[in-house]
Amino acid sequence: MSEIERVGVVGAGLMGSGIAEVCARADLDVLVCEQDAETARVGRERIRASLERGVRRGKLTAREREAAESRLRFTSDADDLADRQLVVEAVVEREDVKMGVFEVLDKVVEDPDAIIASNTSSIPIMKLAMATGRAGNVIGLHFFNPVPVLPLVEVVTSLLTRTGTRDRAEAFVTRVLGKQIIRSTDRAGFVVNSLLVPYLLSAIRMVESGFASASDVDDGMVLGCAHPMGPLRLADLIGLDTVQAIAESMYAEFKEPLHSPPPLLLRMVEAGLLGEKSGRGFHTYPRA
Ligand code: 3HC
């Protein structure tokens, strides 16, 4: 089985662009497939800005930045992913949309050993695997935002993921991308979001009920518990639409009230107050 050198990323949003960036920084040939031209443009700019920031912070040289940029290509045609050895799906956190992507990838990716991975935060991998005719090659590779900075990837195997797929995927993540892995079984939310999402939703309920302000909740966790950012600032970073989608997947799986998205979160998403990416969520942000 050949080394993974050609990677595809489907989706150029926050996570897709971060995954594409770390792959390009690891000397891989990276093709990003994004159908929406504006999302592709913003994704490309986000990668550029992050590479530039990496240079400023001494994480890579100017030459390495140029080399990484030269290894990144964008397409809007999924057929172009035919020669990829690993494809990571990172589209919006909606089961129907992700299943559609997996059906397409199953048709276009030619290598029978290619790994088809999802960066889903919460949707069981089995559901996505069953949209393909090669469930043994399907795995969850769940990255964390900001992807160039956070070292973790959760590796999620379904009941049908082949051991060989898992071993290759883990070797790729650790040896090629230089990230650390934890293993999770295939339950909505996996390890990290099973802990994180109830915490974020509790913080939103505190604000919703007038118990405390968003700033005070955040300051409490930053100053009192040394978290790098408070839960509402973190929800804004993740994107409130994504927080809602993850909570809904987890609620659908477990039927636990602690996973139920609070009405304030639903109203904010309906209003387009999606957090950092829209300029306003629980806090406000200068527009990029
Ligand atoms: N490339 C490489 N490294 C970079 C970089 C870039 N583009 N930008 C920053 N860095 C490095 C910096 O050099 C610095 O490293 P150092 O400590 O070795 O010098 C480090 O990253 C921190 O950078 P900054 O000092 O610029 O930024 P802050 O200290 O303000 O930290 C933050 C920003 C990393 C976002 C931090 O606040 C943080 O970790 N917040 C929590 C984020 C979090 O919890 N994410 C998980 C979200 S959950 C998720 O994604 C799962 C999903 O399913 C919901």
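This passage walks through the domains, the ligand shell, one helix pair and two backbone oddities of a predicted model. Residue numbers start from 1 along each chain as its sequence is written. Because the model is predicted, local features need pLDDT of at least 70 and side-chain atom pairs count only at pLDDT 80 or more, while totals for chains, interfaces and linings use all residues.

Start with the overall layout. The domain assignment (bounds come from an automatic or database assignment) splits the chain into domain 1 (6–184) and domain 2 (194–278). Their C-alpha centres sit 26 Å apart. Where the two touch, domain 1 puts in seven residues and domain 2 nine, with contact meaning C-beta atoms, placed from the backbone, within 7 Å. The domain 1 side of that contact comes out as two nonpolar, three polar and two charged residues; here Ala, Val, Leu, Ile, Met, Phe, Trp, Tyr, Cys and Pro count as nonpolar, Asp, Glu, Lys and Arg as charged, and the others, Gly among them, as polar.

UniProt has its own take, from an unreviewed entry: "domain: 3-hydroxyacyl-CoA dehydrogenase NAD binding" at residues 7–185 and "domain: 3-hydroxyacyl-CoA dehydrogenase C-terminal" at residues 189–285. Those positions are in the numbering used here, the feature names are shortened, and annotations may be inferred rather than shown by experiment. Residues 7–185 are 41% helix and 21% strand, with end C-alpha atoms 24 Å apart. Residues 189–285, by contrast, are 62% helix and 0% strand, and their end C-alpha atoms lie 28 Å apart. Helices (H or I, at least four residues) and strands (E, at least two) are DSSP runs, numbered from the N terminus.

Now for the ligand. Its shell has 17 residues, of which Gly54, Arg57, Ser121, Asn145 and Pro228 come nearest; a residue is near if its C-beta atom, placed from the backbone, lies within 6 Å. Both domain 1 and domain 2 chip in at least three residues each. Among the helices, α2 (37–56) and α9 (231–238) each supply at least two, and α2 gives the most, with three. By class, the shell holds nine nonpolar, five polar and three charged residues.

Helix α9 also packs against α8 (residues 214–225): the two axes come within 7 Å and cross at roughly 100°. Axes are lines fitted to C-alpha atoms, for helices over the stretch in contact, and angles run from 0 to 180 degrees between N-to-C directions. The helices α8 and α9 are therefore roughly perpendicular, a label for 65 to 115 degrees (under 35 is roughly parallel, over 145 roughly antiparallel, the rest oblique). Ala214, Val217, Asp218 and Met221 of α8 meet Pro231, Leu232 and Arg233 of α9, which adds up to five nonpolar, no polar and two charged residues.

Two backbone quirks round things off. Ala226, in the loop between α8 and α9, has a positive phi of about 60° although it is not a glycine. The peptide bond from Asn145 to Pro146 is cis, with omega near 5°, and Pro146 sits in the loop between β6 (138–143) and β7 (152–156).
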